[in-house]
Amino acid sequence: MAPARSKRKVGEKVAKGAKVSKKDDPKDEPELEQEEAKPTEDKKEVTEVLPVQEEEKASTKEKKSTKNTVNEEKKKDVNENEKRYWLLKSEPETRLHNGVDIKFGIEDLKSKPDQTSVWDGVRNHQSRNFLRDEIKVGDQAFFYHSNCKQPGIVGIVDIVKSGYPDATQFDSKGNFYDPKSSEDNPKWFSVDVKFNRMLKRYIPLPELKDLYLQHKKNKEGALKLFGLITKPRLSVLPVTKEEFDFILTLEEK
């Protein structure tokens, strides 16, 4: 049997030296002081935010710099991909057409002011389309001597002006006059070319034809579809970069 606990009456004084349990008198427990919330200083907030803002600005600048670099690289790649190659035929030996000598070889181009000349007199519709629609400034072309004793590729020219109406079609006294053409609706177009360089050696047509036949037979090789052989009547024709680069390797042979 549990011992009975002693009880004190209400109002009874506690003996001197007696201890009082906190559980017995909860009022004696000291109240916890609540800390007053200190107002946040505006300056401190700004000071803490500024480093983040500076970091964000630096990050933004870095991103813009990276983006600009990427854009420049893309632009460079695009420009390089847009460059095209061609073959332009011209006659280096004297030949009269309607009483006019139409001779124009690469040496004639070199003798022009700034070694630059208009490439006109083209009267084939497919070649005209290339001149009008596709050949652009920055393109390069092989200068090909045609209708001569030894036809072949002799040098390289740069395209310095894109297609524009061929003035010879409007000259009623000229060699290439076309009465069906008008300045409002021109039929024929020309470009401007500038001498770049001579090839290290003359690359004759028979050599190019033999290589074409070899590549075609093997069903591989840069010249297996070479337009100079497959479309001999065109005086202006496209050349692939693979064909252009391969022909340049022939300089060393």
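This report walks through the sheet, the core and some salt bridges of a predicted model.

## The sheet

Let's start with the strands. Six of them make up an open sheet, and the order across it is S4-S7-S6-S5-S1-S8, with mixed pairing. At the edges stand strand S4 (116–119) and strand S8 (236–239); each has a single partner strand, so one side of each has no neighbour in the sheet. On average, neighbouring strands are turned by 40° against each other, direction ignored.

If you follow the sheet to its S8 edge, you will find strand S1 (residues 85–90) paired with S8 in the antiparallel sense, over 4 bridges. Within that pairing, Leu87 has Leu237 of S8 as its bridge partner. As general background, strands of a sheet pair through backbone hydrogen bonds, either parallel or antiparallel.

## Helices on the sheet

Which strands does helix H3 touch? Helix H3 (residues 125–134) packs on the sheet against S1, strand S6 (152–165), S7 and S8, and its direction makes about 60° with that of S8. Helix H4 (residues 205–218) also packs on the sheet, where it touches strand S5 (140–145), S6 and S7. The direction of H4 makes about 85° with that of S7.

## The nonpolar core

The largest nonpolar core has 42 residues, and the members that touch the most others are Leu87, Leu208 and Phe226. Strand S7 (residues 189–204) gives the most to this core, contributing 6 residues. In soluble globular proteins, nonpolar side chains tend to be buried together.

Leu87 is a good residue to click on. Beyond its neighbours within four places in sequence, Leu87 is in contact with residues including Ala141, Phe142, Tyr144 and Ile153. The list also takes in Phe226 and Leu228, and then Ser235, Val236, Leu237 and Val239. Leu237 therefore appears twice in this picture, as a contact of Leu87 and as its bridge partner in S8.

## A buried serine in S7

Ser190 lies in strand S7. Is Ser190 buried or exposed? With a relative accessible area of 1%, Ser190 is buried, because the cut-off for buried is under 20%. Setting aside neighbours within four places in sequence, Ser190 is in contact with Val118, Trp119 and Asp120, and also with Ser162, Gly163, Tyr164, Pro165 and Asp166.

## Salt bridges

How many salt bridges does a search of the whole structure find? The search finds 12, and three of them are described here. Side chains of opposite charge can pair when their charged atoms come close.

Lys194 forms a salt bridge with Asp114, with the closest N and O atoms 3.0 Å apart. Lys194 lies in strand S7, while Asp114 is in the loop between helix H2 (106–110) and S4, so the pair ties together parts that are 80 residues apart in sequence. Lys194 is partly exposed at 24% relative accessible area, whereas Asp114 counts as exposed at 58%. Lys200 of strand S7 forms a salt bridge with Glu252, and here the closest N and O atoms are 2.7 Å apart. This pair links distant parts of the chain, 52 residues apart, with Glu252 in the segment after helix H6 (241–249). Both ends are exposed: Lys200 has a relative accessible area of 60%, and Glu252 one of 56%.

Asp178 and Lys187 form a salt bridge too, with the closest N and O atoms 3.4 Å apart. Asp178 counts as buried at 10% relative accessibility, while Lys187 is partly exposed at 23%.

Definitions and conventions:
Residues numbered from 1 in each chain as written. Predicted model: local features only at pLDDT ≥ 70, side-chain atom pairs only at ≥ 80, totals over all residues. Heavy atoms only, no water. Core = buried A, V, L, I, M, F, W, Y, C linked by side-chain atoms within 4.5 Å. Buried < 20%, exposed > 50% of the residue type's maximum accessible area, 1.4 Å probe, protein only. Helix = DSSP H or I, 4+ residues; strand = E, 2+ residues; numbered from the N terminus. Contact = heavy atoms within 4.5 Å. Pairing = 2+ DSSP bridges. Axes fitted to C-alpha atoms, helices over the stretch in contact; angles between N-to-C directions. Salt bridge = Lys/Arg side-chain N within 4 Å of Asp/Glu carboxyl O.
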